[in-house]
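Got the model open on your screen? Let's go through it by question and answer.

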Amino acid sequence: MKTRPIRTLSRALSRSSSTTPPNLLRIASTSHPLHRPYSTHPPNARLNLPTDYASTPLLSHSSQAALANPELPASACNGTTKRMNLFQAINDALSIALGEDESVLIFGEDVAFGGVFRCTSKLAETYGADRVFNTPLSEQGILGFAIGVAAEGMRPVAEIQFADYVYPAFDQLVNEAAKFRYRDGACGRSVGGMTVRMPCGGVGHGALYHSQSPESLFTHIPGLRVVMPRSPVQAKGLLLASIRSNDPVIFMEPKILYRAAVEQVPTVPYELPLSKAEVLREGGDVTVVSYGQPLYKCSAAIEQVEREMGVKVELIDLRTIYPWDKETVFRSVRKTGRCIVVHEAMVNAGVGAEVAAAIQEDTETFLRMEAPVMRVAGWSIHTPLLYEAFNAPDVARIYDSIKKVMGF
Amino acid sequence: MRPRAVQPPSLFVAATCALQGVRRDSSSLSQRPDAKHVSFPGAVKSAFSNTMRFEQPSTYPALPTYRAVDQHGEVVDPAFKPDLSDEAVIKLYRDMLTVSIMDLVMFDAQRQGRLSFYMVSAGEEAVSVGTASALEKEDVIFCQYREQGVFKQRGFTLADFMNQLFANRKDPGKGRNMPVHYGSRELNIHTISSPLATQLPQASGAAYALKIQRMQDPSIPPRVVAAYFGEGAASEGDFHAALNIAATRSCPVIFICRNNGYAISTPTLEQYRGDGIASRGLGYGIETIRVDGNDFWAVREATKKARELALQDGGKPVLIEAMTYRVSHHSTSDDSFAYRARVEVEDWKRRDNPIARLRKWMEAKGFWDETKEKDARDSIRRDVLKAFSEAEREKKPPVWTMFEDVYENLTPDLEAQMKVLKEQLEAYPDEYDLGEFESGDKESLGK
């Protein structure tokens with residue numbers, strides 16, 4: 001009974017339909033072309049273009065490029081690669097973790113059928129419903145449960161469906177997971193086996209409750225490691241390192257990259273180092289520090305600036321946002337004397353504030369500064385549906401900041 | 001239990017009793033010799049037993065599901081008397097039809113890329129329209145997100161729906177919220193928030209506020225709060241907090257659970273093991289009923305009675321668990337056939353449908369027929385498409401409005417950020433598309 005009206009309505013809504021009844025013509029004849037209603041890019045833009053993931057230098061488009069990564073162990077460099085997007089790379093890491101270590105358990109809301117972002121596809125079928133399972137809908141329950149599982153020596157990988165929904169579990173993370181080892185003291189127990197995965201960040205139409213990047217709420221909490229990968233290769237290596245780490249890790253996955261970011265990923269198990277930043281391109285004039293999805297925008301802005309101004313910009317991916325790799329950042333800024341920090345989350349009390357403060361506290365770096373540290377970040381507002389494109393850092397704002405910091 | 005600063009015991013008890021307005025004779029807690037009942041403070045009516053036995057949930061029968069009208073449209077409750085005129089029933093039936101037709105149009109529109117997101121409420125139209133029809137205009141509503149029928153019944157127009165869905169300049173949410181996150185001050189419905197169950201303790205608090213306000217000013221008419229949620233949300237800590245605090249503070253709130261069988265992909269078997277959500281109401285000392293959510297009349301009658309109960313004895317919470325089936329996908333972002341069989345859904349649709357059931361009842365009463373049905377559907381569809389078209393072509397609110405309402409007034413920080421953005425848009429006009437937005441008076445915003 002329902003299928004016929006749906007077809008009819010499809011026709012009614014169709015702008016190109018020639019069989020549209022007269023009373024529907026007003027919809028059918030609307031003249032502006034079908035377009036994505038949110039976060040469109042303007043026709044004459046040369047900076048704020050959609051990220052071209054197929055050509056960005058931040059992804060390994062060939063097997064050779066992937067295997068040339070000096071951080072990979074020999075076993076990976078001598079092996080093969082496979083084209084994967086971000087959710088497939090995460091799925092691969094989870095599958096490896098389940099396969100190599102019986103103490104690994106994976107759970108969260110809707111994970112059994114593969115998860116709403118497909119990160120846990122086929123894991124329940126392969127490793128059994130005792131180790132990969134759905135939980136009731138309760139974030140505080142999920143993370144309290146994970147802490148208990150970890151406290152008894154296992155390695156839970158808990159999923160929070162969206163970072164926006166982690167707050168009911170804040171007590172468990174801040175007062176329990178982070179303090180567990182400290183509280184137990186010489187008794188020696190910890191919940192280091194625990195990893196908490198959560199998709200984060202904007203996708204263009206997530207509005208107030210499907211686009212938050214709450215990393216700085218966790219970077220303020222000693223005892224938690226906070227990691228955000230930028231790509232499939234990074235995600236696999238950093239997630240395996242997080243799961244094997246003996247500290248609780250908050251692993252934040254930029255959900256816009258789940259399908260968009262595709263690259264060649266080494267097939268064997270490998271780890272990438274936690275609390276170690278990576279220099280993605282070298283340059284002597286400006287240091288741009290970022291993590292997660294904005295790195296792609298930084299990369300596009302840097303290419304444009306370098307073409308136009310002949311300056312050389314160094315781009316650094318923090319990867320682990322806390323405890324973060326100050327030495328790599330200081331080394332770069334001592335060389336360039338200029339630094340811009342870029343993140344999607346609100347600018348106030350964000351990661352940019354921490355990086356800028358650390359730079360000016362380090363005497364050797366401070367004395368080399370040619371310009372104040374700049375921040376390009378979300379405004380101090382909630383993410384509004386219609387205005388995400390005006391809120392998140394874009395290529396033009398990063399480009400403009402590089403020019404400003406050069407002209408200071 | 002958190003450790004608290006210790007006060008002298010007598011003072012502490014006195015202060016607690018005074019605060020709660022409860023008088024507790026100190027003698028009531030003492031145990032008389034040979035008493036048959038426990039007088040522990042935490043369970044004052046428990047009889048002593050000399051048999052050690054753990055209670056088995058399975059030995060208690062499941063709570064019954066109240067029906068007034070069965071799936072053939074026949075009245076099964078001999079005490080049931082419809083309290084509405086034929087015209088009033090037709091109005092509510094049309095509300096249900098409108099929601100159902102709008103859902104089909106908007107689901108399709110989302111598939112065509114005309115809006116970013118949509119959620120339908122197929123199969124749950126009677127729960128929302130039926131409960132809302134038994135509430136008063138002054139009552140305060142907290143929804144979850146699948147209750148468009150509540151909005152429709154209370155007077156939300158098709159234009160109101162469409163303006164929100166297209167986030168245009170007439171959307172009171174100022175284009176900030178995802179589609180289906182409606183809100184209306186005029187209709188006393190708080191704006192929808194995506195996080196689950198957060199609305200429930202808020203509903204308890206709101207109900208307490210209504211109660212206190214009436215105590216302070218008896219000229220205010222008695223009001224209740226109605227709070228909607230799904231059975232999945234009832235797993236959140238906020239659900240339990242809400243029921244418990246509402247019970248202890250005697251809040252006039254009606255908790256309305258739409259138990260539709262699924263929380264996205266998670267079936268109820270993996271959500272809970274007790275007797276649904278209703279059994280929990282009893283656990284918290286709350287009057288509770290389970291109703292057939294496909295039966296418009298059962299839902300309406302139960303809510304009418306619940307409102308009456310909620311206002312008795314100075315106010316108290318009531319729980320209604322309405323049993324339904326989520327015929328649709330969770331949202332346009334979901335394909336439910338990845339986790340449930342198509343035949344299961346088809347089977348449900350064939351067996352029972354709240355709209356078809358009320359229609360059968362109306363036809364049996366002789367005031368509805370095929371012609372009226374067709375006319376109603378055609379005219380509603382026309383109206384939906386008209387509202388759709390008008391809302392889609394409206395301009396969006398000015399970009400500057402995104403800085404408003406974070407605080408009551410713009411902070412110096414926000415004013416500075418707005419200025420930076422303004423300079424950026426002026427310096428790079430080709431990089432930003434402002435065409436669909438009203439220009440607005442950005443100069444006036446900072447003042």
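Q: How far does helix α18 of chain A reach from its first C-alpha to its last?
A: In this predicted model, α18(A) covers residues 395-406, twelve residues in all. At 1.5 Å a residue you'd expect 16 Å, and the helix comes close to that. Its reach from first C-alpha to last is 17 Å.

Q: How many of the twelve residues of α18(A) are buried?
A: The buried ones include A:Val395, A:Ala396 and A:Arg397 at the start of the list, and A:Val405 and A:Met406 at its end. The helix is largely enclosed by the rest of the structure, because the buried count is ten of the twelve.

Q: Is A:Asp400 buried or exposed?
A: Look for A:Asp400 in helix α18 of chain A. Its relative accessible area is 13%, and the cut-off for burial is under 20%. So A:Asp400 counts as buried.

Q: Which residues does A:Asp400 touch, not counting those up to four places away in sequence?
A: A:Asp400 sits in α18 of chain A, but its partners here carry the chain letter B. They are B:Gln424 and B:Tyr428.

Q: Which elements of chain A are included in what covers the buried residues of α14(A)?
A: Helix α14 runs over residues 326-336, and its buried residues are A:Thr328, A:Val329, A:Phe330, A:Ser332, A:Val333, A:Arg334 and A:Thr336. Both strands and helices of chain A help to cover them. The cover includes β9 (278-281), β10 (286-290), β11 (313-317), β13 (339-346), α15 (351-361) and α16 (363-366).

Q: Which residue takes a positive phi just after α14(A)?
A: The helix itself spans residues 326-336. Just after it, phi goes to about 75°. The residue is A:Gly337.

Q: What is the omega of the peptide bond from A:Tyr322 to A:Pro323?
A: A:Pro323 belongs to the loop between β12 (320-322) and α14 of chain A. The bond leading into it from A:Tyr322 is cis. Its omega is near -10°.

Q: Is A:Ala349 buried or exposed?
A: This alanine is in the loop between β13 and α15 of chain A. It has a positive phi, near 50°, though it isn't a glycine. With 66% relative accessibility against a cut-off of over 50%, A:Ala349 counts as exposed.

Q: What is the relative accessible area of B:Asn188?
A: Over in chain B, B:Asn188 is in the loop between α5 (158-165) and α6 (199-216). It's not a glycine, yet its phi is positive, about 55°. It counts as partly exposed, at 27%.

Q: How far apart are the C-alpha atoms of B:Lys395 and B:Glu436?
A: B:Lys395 lies in the loop between α13 (370-392) and α14 (412-427) of chain B, and it is partly exposed at 39% relative accessibility. Its contacts, leaving aside neighbours within four places, are B:Asn168, B:Arg169, B:Gly435, B:Glu436, B:Phe437 and B:Glu438. B:Glu436 is 41 residues away along the chain, but the C-alpha separation is 5.6 Å.

Q: What is the relative accessibility of B:Arg326?
A: B:Arg326 is in the loop between β7 (318-323) and α11 (342-351) of chain B. Beyond its neighbours within four places in sequence, its contacts include B:Glu124, B:Arg146, B:Asn260, B:Tyr262, B:Asp334 and B:Tyr339. B:Arg326 counts as buried, at 0%.

Q: How far apart in space are B:Arg326 and B:Gly123, C-alpha to C-alpha?
A: Along the sequence, 203 residues separate the pair. In space, the C-alpha atoms are 6.0 Å apart.

Q: What is the radius of gyration of chain A?
A: Chain A has 18 helices and 14 strands, and its C-alpha atoms fill a box of roughly 80 × 60 × 45 Å along the principal axes. For 408 residues, a compact globule would come out near 22 Å. Chain A agrees with that, at 23 Å.

Q: What share of the residues of chain A counts as buried?
A: The accessible surface of chain A is about 16000 Å², with 54% of it belonging to carbon and sulfur atoms. Among contacts with a separation of 6 or more, 80% come from residues 24 or more positions apart. Of the 408 residues, the buried share is 59%.

Terms used. Residues numbered from 1 in each chain as written. Chains lettered and ligands numbered in written order. Predicted model: local features only at pLDDT ≥ 70, side-chain atom pairs only at ≥ 80, totals over all residues. Heavy atoms only, no water. Helix = DSSP H or I, 4+ residues; strand = E, 2+ residues; numbered from the N terminus. Rg over C-alpha atoms; globule rule 2.2 N^0.38 Å. Buried < 20%, exposed > 50% of the residue type's maximum accessible area, 1.4 Å probe, protein only. Contact = heavy atoms within 4.5 Å. Areas by Shrake-Rupley, 256 points an atom, 1.4 Å probe, with all protein chains shown as cover. Expected span 1.5 Å × (residues − 1).
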